[in-house]
Amino acid sequence: YRVEDSRIFLQRSAPKCHTCGDYLGRLHVCVFCVTYNCWRLGHAQEHNRTTGHSLGMDEEAMSMSSKL
């Protein structure tokens, strides 16, 4: 964080895929474990298959998906 004029600004890094680190691959965030995974390379679908977490939010379209 940084401080300017007695205001504190928190600096966050952009969300990225938990598996490959890509941040442009149409990220989906799992609402069960708050893990970001990319759709483009299939990591969101893989996360669904391996964990059974079937509800995610598409960050780009701001929509919910019940089956990835």
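Trainee: How many disulfides are counted here?

Mentor: The count comes to 0 disulfides. Keep in mind that this is a predicted model.

Trainee: What makes the sulfur of cysteine 17 fail the test?

Mentor: Its closest cysteine sulfur, in cysteine 38, is 3.7 Å away. A disulfide needs the two sulfur atoms within 2.5 Å. The distance is too far for a bond, so cysteine 17 and cysteine 38 are not counted as a disulfide.

Trainee: And why is cysteine 33 not bonded to cysteine 30?

Mentor: The reasoning repeats. The sulfur of cysteine 33 has its closest cysteine sulfur in cysteine 30, at 3.7 Å. The limit is 2.5 Å, so this pair is too far for a bond.

Trainee: Is cysteine 17 buried or exposed, and how do you know?

Mentor: Its relative accessibility is 3%. Buried means under 20%, so cysteine 17 counts as buried.

Trainee: What is cysteine 33 called on that scale, and why?

Mentor: Cysteine 33 has a relative accessible area of 32%. Buried ends at 20% and exposed begins over 50%. The value lies in between, so cysteine 33 is partly exposed.

Trainee: Now the sheet. In what order do its strands run?

Mentor: The order is β4-β3-β5-β6, an open sheet with antiparallel pairing.

Trainee: Why are β4 and β6 called edge strands?

Mentor: β4 (36-38) and β6 (63-65) each pair on one side only. From one strand to the next, the twist averages 35°.

Trainee: How do you know that β3 and β4 pair?

Mentor: Count bridges. Pairing takes at least two. β3, residues 27-30, shares 3 bridges with β4, in the antiparallel sense, so the two strands pair. Leucine 27, for instance, has cysteine 38 in β4 as its bridge partner.

Trainee: Which strands does helix α1 touch?

Mentor: α1, residues 43-51, packs on the sheet and touches β3 and β4. Its direction makes about 125° with that of β4. The buried residues of α1 pack against these strands, β3 and β4. They are His43, Ala44, Gln45, His47 and Asn48.

Trainee: What follows α1?

Mentor: Glycine 52, with a positive phi near 80°.

Trainee: What makes arginine 26 count as sitting over the ring of tryptophan 39?

Mentor: The charged end of arginine 26 is 5.5 Å from the ring centre. The cut-off is 6 Å, along with an angle within 35 degrees of the ring normal. Arginine 26 is listed as sitting over the ring.

Trainee: How many aromatic pairs are there?

Mentor: The count comes to 0 aromatic pairs. A pair would need ring centres within 6.5 Å.

Key:
Residues are numbered from 1 along each chain as its sequence is written. This is a predicted model: local features need pLDDT of at least 70, side-chain atom pairs count only at pLDDT 80 or more; totals for chains, interfaces and linings use all residues. Side-chain values use heavy atoms; hydrogens and water are left out. Helices (H or I, at least four residues) and strands (E, at least two) are DSSP runs, numbered from the N terminus. Axes are lines fitted to C-alpha atoms, for helices over the stretch in contact, and angles run from 0 to 180 degrees between N-to-C directions. Contact means heavy atoms within 4.5 Å. Rings of Phe, Tyr and Trp (its six-membered ring) pair if their centres lie within 6.5 Å; planes under 30 degrees apart count as stacked, over 60 as edge-to-face and the rest as tilted. Buried means under 20% relative accessible area, exposed over 50%, partly exposed in between (1.4 Å probe, protein chains only).
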